[in-house]
2 protein chains.
Amino acid sequence: MSARSYDVVIVGAGLSGLSAARHLLKKNSSLRVLLLEGKDRVGGRTMSSKLPAAQGKDVWDLGGQWVGSSQMYVMDLIRELGLETYPQYTAGKKVYHMGGPRAKVRTYTNSLPSMSLLTLLDLKHFQWQIDRMSQSLSMEDPTSAPRALEYDSMTLSSYMDKKIWTQSLRMDIELCTRSLFGMEPSQISFLYFLMYCRAAGGILHLLETTPGSAQESRIKGGTQQLSEKLADQIGRENIHLNSAVLEIQQGPEGAVVRTRLDTFSCRAVIVTCPPHLAAQIQYVPALPPARQRLTQSMPVGHMIKFIVTYRTAFWRTNGFSGEIVVQPSSDCPFCITFDATSPRGNPGLVGFISGAQANDWSYKTVEDRRDAVIQSLVKYLGPEASDFIHYAEKDWAKEEYNGGCPVNVMVPGMLTYYHPSLRRPCGRIHWAGTETATHWCGYMSGAIQSGLRAALEVLERLSPKVLSQEELQEAQASTTHTLPHRSWDLAPQKTYLPVCLTVTTVTLGVALLLANPCLYNEMIEQGSAFLQKFGFWC
Amino acid sequence: MSARSYDVVIVGAGLSGLSAARHLLKKNSSLRVLLLEGKDRVGGRTMSSKLPAAQGKDVWDLGGQWVGSSQMYVMDLIRELGLETYPQYTAGKKVYHMGGPRAKVRTYTNSLPSMSLLTLLDLKHFQWQIDRMSQSLSMEDPTSAPRALEYDSMTLSSYMDKKIWTQSLRMDIELCTRSLFGMEPSQISFLYFLMYCRAAGGILHLLETTPGSAQESRIKGGTQQLSEKLADQIGRENIHLNSAVLEIQQGPEGAVVRTRLDTFSCRAVIVTCPPHLAAQIQYVPALPPARQRLTQSMPVGHMIKFIVTYRTAFWRTNGFSGEIVVQPSSDCPFCITFDATSPRGNPGLVGFISGAQANDWSYKTVEDRRDAVIQSLVKYLGPEASDFIHYAEKDWAKEEYNGGCPVNVMVPGMLTYYHPSLRRPCGRIHWAGTETATHWCGYMSGAIQSGLRAALEVLERLSPKVLSQEELQEAQASTTHTLPHRSWDLAPQKTYLPVCLTVTTVTLGVALLLANPCLYNEMIEQGSAFLQKFGFWC
């Protein structure tokens, strides 16, 4: 075979692929490892760019930007690579404008906006339910949870219809869903939503800027440095950029990986790109139906991220934190903004256009989006917002070899049937990427966790001697994961007692009345006497 | 450019692509049209095979097999090509075995199995609702329907939870969903289900064997003849088999279509393969996000079809029609069977293993599946079933350049946002395939309709003079279809009156009781007196 030969070929040089490569080489430096990346850069869904700023130029993240102290895999890597974090700025008033453009613009300084007692009760009830249900889930096998099939048969939106009492909380949760997934509640399996909360340690962890939460800190100099530094350690010669993988062919001797110009043979492959991109690779022989079905049903979110740089952090002077939470409208494209002032003191704001809103606004020009963003910033933070230095934006749906951000979700009715295919290797192919993580799935930390796990699996196959007993067990756990045990013989249970009782009561009642019409008058009399006692009768 | 040059390249030589090609050439015989097909045969999801039979060999359909008189596009084509149909055999007892393996096996001869009054009422209510709602849908723009967003935010399963009273009807509808889509009710958008019913002219049309329904007749000699005869008319030299399209590149001068070995330039492309396969082609420049998102969210069903041939149609002699409706169990892989005796009189039965059940059984060997099928046929039709001539099966999920059958569905929350991308051309690329049909979408007739429509669109672009005024208008309708008009400014309405009234009543009641505890005793007395009158108190 004329193909160049490696031990392991890794598809994708994002945090997951780079972490996998480094771990493979750390455990066994004699392994020949190659990374193939479609883009012209490393970093995947992280991308740090130099933008015009108050003091010349400075770095901002146009992709993943926040880390939290509970995200142990990314925090470990930050320490190892000698990087530093700094906290998200949160002091001052936050703007809250829900209920449409004509609703009152409100501000708040606590972690929650001021809300009616009913909405607050509603929120606490919702949060309590989500946390209680998600805590009972196993991340390794979410299909084993008591009501897994029921929860996976409904969208998050259907669950909200059932359990949320107030329109205001409904709109808040819709906004949170857009901000978290770049998707609408109608597009996500409720069981997947629970899994996602579980992986982060609770729903509030996903939403807040408090210690341990997803928006706690940022990395000085940008998050892409993680990937750049990993790439330096692995050796740039082992990373081929502009090399999208078109085909992976497996045989008894090994695997052959094809890009447009090259062919590589290897003993194992780690595919780290998100499911919808992994689905675009041609596999010979074809992957098992369940794996195909899984990747056909994991759409990716749509997010446009923007950074606006300023001469002064005028919002801080005006008493604002820079955080704006706003319901989509035809005036305002974004759903959320935050302060993005750099550690060197260059003022900036960051915001997101998300979900269906991102789709609608993606058909307009960048100038239209910029003008609408600036106009809304003026409305919420003051006229100084119009005097910006630079507006930068990134529509991740239009980035080649990406197609969306921040994460792929699962649609209803797939998890319960096809979840085991998420991590189960297919022959010589192992699966990584943040979507396969069990801890902070969808985040940088999850990407790193998944890379380390896939590296362990490959080491168990290629050089098990370098692994400890504990590592061997960990590696085997994902490869031996079996099909969910479904009992077709048991019909799903549903209690029709209330319906039957109501039907019986009404039928009996009507029959009695038909048999003896004067009962009706008596009933009315009794009933009105009863109600008059309590002052309910006019 | 060294690429061979054509006017139109059509991706896929199924019924849709072949119909498009023939229509293009019929209207303008000077057009240079090329069809590229990944498989080694024409016909797409239709495939007729010679199988060992009572009188030597005979032809059976391992793919799409039924047609109905209301499916005008396929009926027209059958007539034009000089083919003949014959009715589905339905005389005799049908077997109905729902409720698990230990439930009683029942038989019926009408169009509906005998059911309790409550289940019958439930069915009629469900059918009335579905037909009423689906009739109000516009196939051109289903997002304009009154409650489109609400219906698209839930799965068919969630709708069933809300509206179906009896467990037995629920199981029946689950079975119908599996048989129709190869998917579970939890995997389908309810709005999509309504659209699908609308395209067929009502839910019963989809399910029955009566005149006008989907299972009314079969084509003598098999359905693949349609494609073979079309291919003969178009000219086999214009159809390249084993030529999967990898990339479509568009520029100001035209489009370039690449297979592994060849490159073709053209002025227009028609992509006819199902959405999940269309998604695997690399598009340069990338397709608009909404189109990408649509194809990421249209998974294909999973069906394994089997044919068992016999020396005698023993089931007919025993008074059975050959139709068995059975709930999935670990014993019985299939959910439905029919008589499949050939027009030449060679006896046979046809059946389907569908949905999640197909996934589970696809991991077993063909021998295991065969033995389980035969054992179940023995159980339901008699011991003669074990004396079969041949068992043939086709797992469409494992067919290359197919990946599933019979149709791609839409998952919740996609239709309302991305539906306009289903047929709207992307530059020089036009979309066909049965999933884009507005009449009998998902069926052979829909495939033909979509091919004719795409051909019209291309003719409007390349040689509008050959089209009548009516055809020009028809062609423009799909290309000018706009984005759905969403009003972000209007918050969705929801009535919280019942909740508020309940909360107020309970709160008032509790407050009154707390204020005057003796009221409680009085209430109990009044209440028991009231109930004793009607004999409800023990």
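## Exercises on a two-chain model

Over all chains the disulfide count is zero, a disulfide being a pair of cysteine sulfur atoms within 2.5 Å. This is a predicted model, in which local features need pLDDT of at least 70 and side-chain atom pairs count only at pLDDT 80 or more, while totals for chains, interfaces and linings use all residues. Residues are numbered from 1 along each chain as its sequence is written, chains are lettered from A and ligands numbered from 1 in the order in which they are written, and side-chain values use heavy atoms, with hydrogens and water left out.

**Exercise 1.** Explain why A:Cys273 forms no bond with A:Cys426, then treat B:Cys266.

*Solution.*
1. The cysteine sulfur closest to that of A:Cys273 belongs to A:Cys426; the distance is 13 Å, too far for a bond.
2. A:Cys273 is also buried (under 20% relative accessible area; exposed is over 50%, partly exposed in between; 1.4 Å probe, protein chains only), at 17%.
3. B:Cys266 is in no disulfide either, since the nearest cysteine sulfur, in B:Cys273, is 14 Å away.
4. B:Cys266 is buried, with 5% relative accessibility.

**Exercise 2.** State how enclosed helix α11 of chain B is, and list what its buried residues pack against.

*Solution.*
1. Helices are DSSP runs of H or I with at least four residues, strands are runs of E with at least two, and both are numbered from the N terminus.
2. Eight of the eight residues of α11(B) are buried, so the helix is largely enclosed by the rest of the structure.
3. Among them are B:Pro289, B:Arg291, B:Leu294 and B:Gln296.
4. On chain A these residues pack against α10, α11 and α13 (356–362); on chain B they pack against α10, α15 (415–418) and β22 (429–431).

**Exercise 3.** Place A:Gln292 and give its contacts beyond four places in sequence.

*Solution.*
1. A:Gln292 lies in helix α11 of chain A.
2. A:Gln292 is buried, at 18% relative accessible area.
3. With neighbours within four places in sequence left aside, A:Gln292 has contacts (heavy atoms within 4.5 Å) with A:Ala286, A:Leu287, B:Ala397 and B:Gly403.

**Exercise 4.** Compare the span of helix α16 of chain B with the expected value, and say how covered the helix is.

*Solution.*
1. The helix runs over residues 444–462 and has 19 residues.
2. The expected span is 1.5 Å times one less than the number of residues, here 27 Å.
3. From first C-alpha to last, α16(B) reaches 27 Å, close to that expectation.
4. α16(B) is mostly covered, with 16 of its 19 residues buried.
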